[in-house]
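Grab a pencil and work through these exercises with the model open beside you. Try each task on your own before you read the solution.

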Amino acid sequence: MNPACKDITSFLVMDILERANAIEAAGHRVIHLEIGEPDFDTPDCVKEAAIKAVSDGKTHYTHSLGITELREAICRLFADEYGVRITPDRILVTGGTSPAMLLAFAALARPGANMLLTDPAYACYPNFLRFTGLIPHYVPVAEEDGFQFTPESIAANVSGMTAGILVNSPANPTGTLLPDAAMETACATGLPVVSDEIYHGLTYGGRARCALEFSEDALVLNGFSKRFAMTGLRLGYLVAPCSMMGLLQKLQQNLFICASSVAQWAGLAALSPDGLAAAETMRQTYATRRTALLSGLKKLGLSPRTEPTGAFYVFVRADHLHPDSLALAYDILDKVHVGVTPGIDFGPGGEGHLRLSYANSLENIEEGLERLGRYISDHCG
């Protein structure tokens with residue numbers, strides 16, 4: 001077996017979800033606060049564009065970088081939202097943000113090199129890094145810093161074997177944003193900065209900064225799954241320096257050929273005024289849910305030390321309930337039928353925590369909080 005495959009770990013939130021689905025199949029109602037998937041329907045304009053693409057026969061290979069119309073629309077989005085000017089030849093459209101991540105890491109890999117990432121961080125990062133031959137270099141980050149890099153933590157961990165710095169803002173699992181000073185420090189190292197911006201457009205109290213505002217050489221990952229509720233359409237993109245585009249395009253051609261033609265036309269509709277308006281309506285609803293979840297968790301003694309202002313997650317310390325976050329998550333699911341994600345899924349620094357998602361209705365969030373309160377009362381007294 002390929003050692004890179006042997007070392008890949010389970011995505012624990014999916015294990016929790018599968019157990020939850022089995023409980024539902026047995027006739028019980030589960031409140032899903034574990035999965036990071038929008039519960040909204042895909043905007044009508046996006047669905048209509050996908051249907052039209054099929055009807056018009058746009059179901060064949062596209063240019064390996066993606067259709068020109070979509071790449072031009074992404075350029076306009078960056079100009080409008082960040083004041084950043086990019087050109088279509090710097091954009092590679094992919095079948096979801098995960099393939100974009102795989103291509104970026106593969107292009108940066110060299111023997112024995114590592115990539116800096118926070119601990120905790122998105123569960124799949126280290127597996128992607130190992131698969132491409134990079135070594136995950138976990139940087140411990142503090143709860144009082146929102147579990148984000150600080151300028152000091154970056155400077156202390158950069159070495160001659162660092163292939164790049166991976167940042168995620170707003171972050172999964174914490175929902176926190178990276179401070180400007182940390183982004184400035186990362187970019188000032190001269191190393192490639194890979195910025196996962198999949199939760200941009202989902203902030204509450206100020207916009208997230210794009211890495212390209214700090215360095216035109218940053219590699220930006222983004223997509224349509226979270227902001228536009230298009231998870232199943234599998235559409236993402238990578239913005240990279242011109243010097244890397246030839247290699248990235250060859251990798252795309254060999255590994256994926258191109259992104260789905262239908263999804264690309266749907267993505268173009270998502271970036272239309274109607275699509276962006278629909279996304280803003282969803283963001284406003286998330287904001288209301290966020291307030292309700294934070295308020296309810298505070299009453300249960302589960303407040304985060306740093307309040308999240310992005311994505312749709314709250315990451316709370318829960319080791320006073322049980323020191324093993326995976327065992328705790330399964331016990332909560334089995335006893336009161338509420339799905340939550342164990343902190344250990346996000347690295348050693350996540351142990352002792354739980355991640356809760358507010359990508360669910362306000363009614364379900366309130367019922368989930370009531371059930372969690374009952375669990376704490378009955379089993380953690």
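Which residues lie nearest the centre of the largest cavity, and how many residues line it?

**Exercise 1: the largest cavity**

Before the solution, some ground rules. This is a predicted model, so local features need pLDDT of at least 70 and side-chain atom pairs count only at pLDDT 80 or more, while totals for chains, interfaces and linings use all residues. Residues are numbered from 1 along each chain as its sequence is written, and side-chain values use heavy atoms, with hydrogens and water left out.

*Step 1.* Get the terms straight. On a 1 Å grid over the protein atoms alone, a cavity is a set of points where a 1.4 Å probe fits but cannot get out; a pocket is an open set with protein on both sides within 12 Å along at least five of seven lines; lining residues have an atom within 4 Å of a point. Grid points are joined across faces, edges and corners, and a volume is the space filled by probe spheres set on the points.

*Step 2.* Find the centre. The lining has 16 residues, and Thr118, Pro120, Ala121, Gln148 and Asn168 lie nearest the middle.

*Step 3.* Look for the elements involved. Helices (H or I, at least four residues) and strands (E, at least two) are DSSP runs, numbered from the N terminus. Strand S3 (114-119) and strand S5 (162-168) are the elements that give two or more residues to this lining, and S5 has the largest share, with three.

*Step 4.* Add size and character. The largest cavity holds about 100 Å³ of space. Sort its lining by class (Ala, Val, Leu, Ile, Met, Phe, Trp, Tyr, Cys and Pro are nonpolar; Asp, Glu, Lys and Arg are charged; the others, Gly among them, are polar). You get 11 nonpolar, five polar and no charged residues.

**Exercise 2: the second largest cavity**

Work out which element gives the most to the lining of the second largest cavity.

*Step 1.* This cavity has about 80 Å³ of space. Its lining includes Leu77, Glu81, Tyr82, His200 and Asn222.

*Step 2.* Helix H4 (68-82) and strand S7 (219-223) each give two or more residues. H4 comes out on top, with three.

*Step 3.* Counting by class, there are six nonpolar, three polar and two charged residues in this lining.

**Exercise 3: two pockets**

Describe the linings of the two largest pockets by class.

*Step 1.* Start with the largest pocket, at about 530 Å³. It has 22 lining residues, and those nearest its centre are Phe11, Gly36, Tyr122, Tyr199 and Lys226. H5 gives the most, with three residues.

*Step 2.* Its lining splits into 10 nonpolar, seven polar and five charged residues.

*Step 3.* Now take the second largest pocket, at about 290 Å³. Here 19 residues form the lining, with Thr9, Ala123, Cys124, Pro126 and Asn127 nearest the centre. Helix H6 (residues 125-132) has the largest share, five residues.

*Step 4.* This lining has 13 nonpolar, four polar and two charged residues.

**Exercise 4: a small sheet**

In what order do the three strands of the open sheet stand?

*Step 1.* Strands pair if DSSP finds at least two bridges between them. S9 and S12 have five bridges, while S11 and strand S12 (residues 353-357) have two.

*Step 2.* The order is therefore S9-S12-S11, with antiparallel pairing. Strand S9 (313-317) and strand S11 (341-342) are the edges, each with a single partner strand, so one side of each has no neighbour in the sheet.

*Step 3.* Check the partners: Arg355 in S12 bridges to Phe315 and also to Thr341.

*Step 4.* Place the helix. Helix H12 (residues 325-336) lies across S11 and S12, at about 45 degrees to S12. Axes here are lines fitted to C-alpha atoms, for helices over the stretch in contact, and angles run from 0 to 180 degrees between N-to-C directions.

**Exercise 5: buried or exposed?**

Is helix H10 mostly covered or uncovered?

*Step 1.* Buried means under 20% relative accessible area, exposed over 50%, and partly exposed in between (1.4 Å probe, protein chains only).

*Step 2.* In helix H10 (residues 261-270), nine of the 10 residues are buried, making it mostly covered. Trp265 is one of them.

*Step 3.* Look at what covers these residues, including helix H3 (44-55) and helix H11 (273-299). Contact means heavy atoms within 4.5 Å.

*Step 4.* Try S9 too: four of its five residues are buried, so S9 is largely enclosed by the rest of the structure.
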